[in-house]
Amino acid sequence: MVAACEQLKMDGADSANASEQGVAIVSEAICEEIIGRPEAFTAVENVFAAMARDNAYNFPVVREAIGHADALYGFKSGFDRAGMVLGVKSGGYWPGNVDKNLTNHQSTVILFDPDTGQLKALVGGNYLTAVRTAAASAVSIAHLARKDAKVLGMVGAGHQSTFQLRAAVEQRDFEKVIAWNPHPEYLPRLAAVCEELGLPFEAVDREQLGAEADVIITITSAFEPLLMKDWIKPGTHIACMGTDTAGKQEVDPQLLAAASVFTDEVAQSVSIGEAQHAIASGLISDSDITSVGEVINGTHPGRRNEQEITLFDGTGVGLQDLAVASAAAELAQQKGLAKQISL
């Protein structure tokens with residue numbers, strides 16, 4: 001009893017100290033300095049596992065067209081009881097930013113103390129969004145792709161594609177990268193990464209990509225299927241990472257009907273993810289989609305054989321952002337890199 005009282009005093013002192021320190025400000029530059037692919041992978045894998053155990057949950061997403069600058073703006077938030085992380089990511093997509101030398105995706109993560117509700121940290125979210133999205137597809141490859149996968153296929157060559165490529169090649173011993181993009185002039189950015197990594201690169205058409213690739217990552221803003229079911233060979237793992245809004249689509253709905261489908265969160269998969277179209281067509285139901293966290297936790301076998309097509313519907317949940325932002329805030333404070341302010 002005495003020990004418990006002493007612990008309560010210590011916890012209270014810690015909370016008071018945190019309150020006295022004020023709010024931590026972690027800039028984009030600091031996030032890039034301290035959060036790499038290993039840190040992002042671990043944070044995302046852990047939060048997927050916590051979600052599958054019902055130790056973490058996302059709140060409903062708010063996402064709206066604001067009627068200005070063709071922008072989409074919204075909020076993703078949630079609470080990770082396992083990691084004691086509470087917060088919200090605020091931001092969206094400004095398509096005209098590319099002409100202003102800015103990233104189209106703009107966001108900030110706001111973290112709160114789950115015990116008191118006090119504001120803990122403001123963390124730049126642009127780089128973290130890119131690295132956590134890449135970490136999600138990498139987690140799916142690590143747990144679902146065939147161990148002998150040799151050819152990586154990339155559909156999309158935008159800003160996010162290089163993050164996806166770098167994270168993916170760390171999960172399997174790929175011998176070649178092939179890619180297609182609706183705007184071929186952007187493919188050299190992927191070729192440059194492959195040259196840096198010492199991997200052969202080839203630009204191909206979509207049908208050849210489907211026939212050759214053992215792992216495929218789609219990362220586009222498409223509103224129509226770019227890959228058809230009949231193009232995909234048995235044993236392929238596909239990570240669909242671009243569809244995060246009602247109406248968006250990257251692959252043939254028949255492909256989901258033929259595949260074993262996994263996702264970050266089933267509720268988002270069926271409403272704003274790639275599965276929305278297969279669901280609407282009656283090709284699959286909610287019960288046909290499995291949380292990748294179940295595979296991580298060992299409660300689902302994942303890939304069952306070498307011929308099975310597996311598909312990961314990465315919708316981008318708020319808890320991913322909170323997980324990597326929390327890691328960034330903690331590391332920045334440990335290293336004395338965070339600015340502290342009082343409100």
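This passage describes the largest pocket, the packing of three helices and several single residues in a predicted model.

The largest pocket holds about 1300 Å³ of space. Its lining is made up of 48 residues. Those closest to the pocket centre are Tyr93, Asn104, His105, Gln160 and Ser221. Several elements give two or more residues to this lining. They are strand 3, strand 4, strand 5 (85-93), strand 6 (105-112), helix 4 (126-144) and helix 5 (159-168). Helix 4 gives the most, with six residues. By class, the lining of the largest pocket has 26 polar residues, 14 nonpolar residues and eight charged residues.

Helix 4 also packs against other helices. The first partner considered here is helix 3 (37-52). The axes of helix 3 and helix 4 lie 8 Å apart, and the packing angle is about 70 degrees. That angle makes helix 3 roughly perpendicular to helix 4. The crossing of the two, helix 3 and helix 4, is right-handed.

Helix 12 spans residues 318-334, and its axis comes within 10 Å of the axis of helix 4. Helix 4 and helix 12 cross at roughly 120 degrees. Helix 4 is therefore oblique to helix 12. Angles of 65 to 115 degrees would count as roughly perpendicular, and those over 145 as roughly antiparallel. The crossing of helix 4 and helix 12 is right-handed.

Helix 3 packs against helix 12 as well, at an angle of about 130 degrees. The axes of helix 3 and helix 12 are 9 Å apart. This pair, helix 3 and helix 12, is therefore oblique too. Helix 3 passes helix 12 in a right-handed crossing. Helix 3, helix 4 and helix 12 thus pack in pairs: helix 3 with helix 4, helix 3 with helix 12, and helix 4 with helix 12.

Two aspartates have a positive phi. Asp54 is not a glycine, yet its phi is about 65 degrees. Asp54 sits in the loop that runs between helix 3 and strand 2 (56-58). With a relative accessible area of 63%, Asp54 is exposed. The cut-off for that class is over 50%. In Asp70, also a residue other than glycine, phi is near 55 degrees. Asp70 belongs to the loop between strand 3 (62-65) and strand 4 (72-80). Asp70 is exposed, at a relative accessible area of 70%. Strand 3 and strand 4, which border this loop, are among the elements that line the largest pocket.

Pro60 is another loop residue. It is found between strand 2 and strand 3. Pro60 has a relative accessible area of 69% and is therefore exposed. In sequence, Pro60 and Gly78 are 18 residues apart. In space, their C-alpha atoms are 8.5 Å apart.

Phe112 lies in strand 6, an element that gives two or more residues to the lining of the largest pocket. Phe112 is partly exposed, with a relative accessible area of 26%. That class falls between the cut-offs for buried, under 20%, and exposed, over 50%. Along the chain, 174 residues separate Phe112 and Asp286. The distance between the C-alpha atoms of Phe112 and Asp286 is 33 Å.

Definitions and conventions: Residues numbered from 1 in each chain as written. Predicted model: local features only at pLDDT ≥ 70, side-chain atom pairs only at ≥ 80, totals over all residues. Heavy atoms only, no water. Helix = DSSP H or I, 4+ residues; strand = E, 2+ residues; numbered from the N terminus. Buried < 20%, exposed > 50% of the residue type's maximum accessible area, 1.4 Å probe, protein only. 1 Å grid on protein atoms, 1.4 Å probe; cavity = no way out; pocket = protein on both sides within 12 Å on 5 of 7 lines; lining within 4 Å. Points joined across faces, edges and corners; volume = space filled by probe spheres on them. Nonpolar A, V, L, I, M, F, W, Y, C, P; charged D, E, K, R; others polar. Axes fitted to C-alpha atoms, helices over the stretch in contact; angles between N-to-C directions. Parallel < 35°, antiparallel > 145°, perpendicular 65-115°, else oblique. Left-handed = near helix turned anticlockwise from the far one by under 90°.
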